[in-house]
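Open the model in your viewer and keep the selection panel at hand. This tour goes stop by stop: what to select, then what is there.

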Amino acid sequence: MKIVRRVGASPRERGSASGQSCPDIFELADGRFAVIGREATQELDPELPPDAARADYERIVIITRETLLRAKKDIPDA
């Protein structure tokens with residue numbers, strides 16, 4: 001796996017000068033995306049709708065609204 005680029009603004013551009021809160025989104029060479037966020041699997045797993053599932057090796061992470069909105073312009077339509 002290889003990170004090709006950051007999607008959206010860097011944590012510093014979003015105001016995280018201390019590095020304490022650094023959600024981030026990256027595009028991988030194979031077209032998938034990697035997300036850095038707060039781990040919330042235990043908390044949100046019971047809240048998943050009936051048509052959603054999570055494999056044992058998958059985790060639910062939370063990113064800020066600002067992180068996703070600032071990434072929107074960099075996410076390809078197709």
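**Stop 1: Asp24.** The model is predicted. Select Asp24. Its relative accessible area is 3%, so Asp24 is buried, as the cut-off is under 20%. Asp24 sits in strand 2. Now show its surroundings. Beyond its neighbours within four places in sequence, Asp24 is in contact with Arg6, Ala9, Pro11, Arg14, Ala34, Val35, Ile36 and Thr67. Keep Arg6 and Ile36 from that list on display. Both come back below.

**Stop 2: Arg6 and Asp24.** Add Arg6 and look at the charged ends. Arg6 and Asp24 form a salt bridge, with 2.9 Å between the closest N and O atoms. Arg6 belongs to strand 1 (residues 3-6) and Asp24 to strand 2 (residues 24-28), so this pair ties together parts 18 residues apart in sequence. Side chains of opposite charge can pair when their charged atoms come close. How accessible is Arg6, at the other end of the bridge from Asp24? Arg6 has 34% relative accessibility, so it counts as partly exposed. Asp24, at 3%, counts as buried.

**Stop 3: strand 2.** Widen the selection to residues 24-28, which make up strand 2. Is this strand enclosed or open? Five of its five residues are buried, so strand 2 is largely enclosed by the rest of the structure. Turn the view to check each face. Asp24, Phe26 and Leu28 lie on one side, Ile25 and Glu27 on the other, and all are buried. In a regular strand the side chains alternate between the two faces of the sheet.

**Stop 4: the sheet.** Show strands 1, 2 and 3 as a cartoon. They form an open sheet in the order 1-2-3, with antiparallel pairing. Strand 1 and strand 3 are at the edges with a single partner strand each, so one side of each has no neighbour in the sheet. From one strand to the next, the twist averages 30 degrees.

Now step through the pairings:

- Strand 1 and strand 2 run antiparallel and are joined by three bridges.
- Across that pairing, Arg6 stands opposite Phe26 of strand 2.
- Strand 2 and strand 3 are antiparallel too, paired over four bridges.
- Asp24 has Ile36 in strand 3 as its bridge partner.
- Ile25 has Val35 in strand 3 as its bridge partner.

So Arg6 has two links to note: a salt bridge to Asp24, and a place opposite Phe26.

**Stop 5: the hairpin turn.** Move to the connection between strand 2 and strand 3. These two strands form a hairpin with four residues between them. Select Gly31 in the turn: its phi is positive, about 95 degrees. Next, select Asp30 and Arg32. They form a salt bridge, the closest N and O atoms being 2.7 Å apart. Asp30 is partly exposed at 48% relative accessibility. Arg32 is partly exposed as well, at 46%.

**Stop 6: one more charged pair.** How many salt bridges does the structure hold? There are seven. One of them joins Asp45 to Arg54, with the closest N and O atoms 3.1 Å apart. Select both. Asp45 has a relative accessible area of 30% and is partly exposed. Arg54, at 26%, is partly exposed too.

**Stop 7: a nonpolar patch.** Switch to a surface view and select Phe33. This residue lies in strand 3 (residues 33-36). Phe33 is partly exposed, with a relative accessible area of 39%. Add Leu68 and Ile75. With Phe33, they form a nonpolar patch on the surface, and together the three have about 250 Å² of accessible area.

**Last view.** Hide the rest and keep the strands. Strand 2 is the largely enclosed one, with strand 1 and strand 3 at the edges. Add the side chains of Arg6 and Asp24 to finish on their salt bridge.

Notes: Residues are numbered from 1 along each chain as its sequence is written. This is a predicted model: local features need pLDDT of at least 70, side-chain atom pairs count only at pLDDT 80 or more; totals for chains, interfaces and linings use all residues. Side-chain values use heavy atoms; hydrogens and water are left out. Patches are made of residues with over 30% relative accessible area and no salt bridge: like charges are joined within 9 Å, nonpolar side chains (Val, Leu, Ile, Met, Phe, Trp, Tyr) within 5 Å. Accessible areas come from the Shrake-Rupley method with a 1.4 Å probe; for residues, only the protein chains shown count as cover. A salt bridge is a side-chain nitrogen of Lys or Arg within 4 Å of a carboxyl oxygen of Asp or Glu. Buried means under 20% relative accessible area, exposed over 50%, partly exposed in between (1.4 Å probe, protein chains only). Two strands pair if DSSP finds at least two bridges between them. Contact means heavy atoms within 4.5 Å. Axes are lines fitted to C-alpha atoms, for helices over the stretch in contact, and angles run from 0 to 180 degrees between N-to-C directions.
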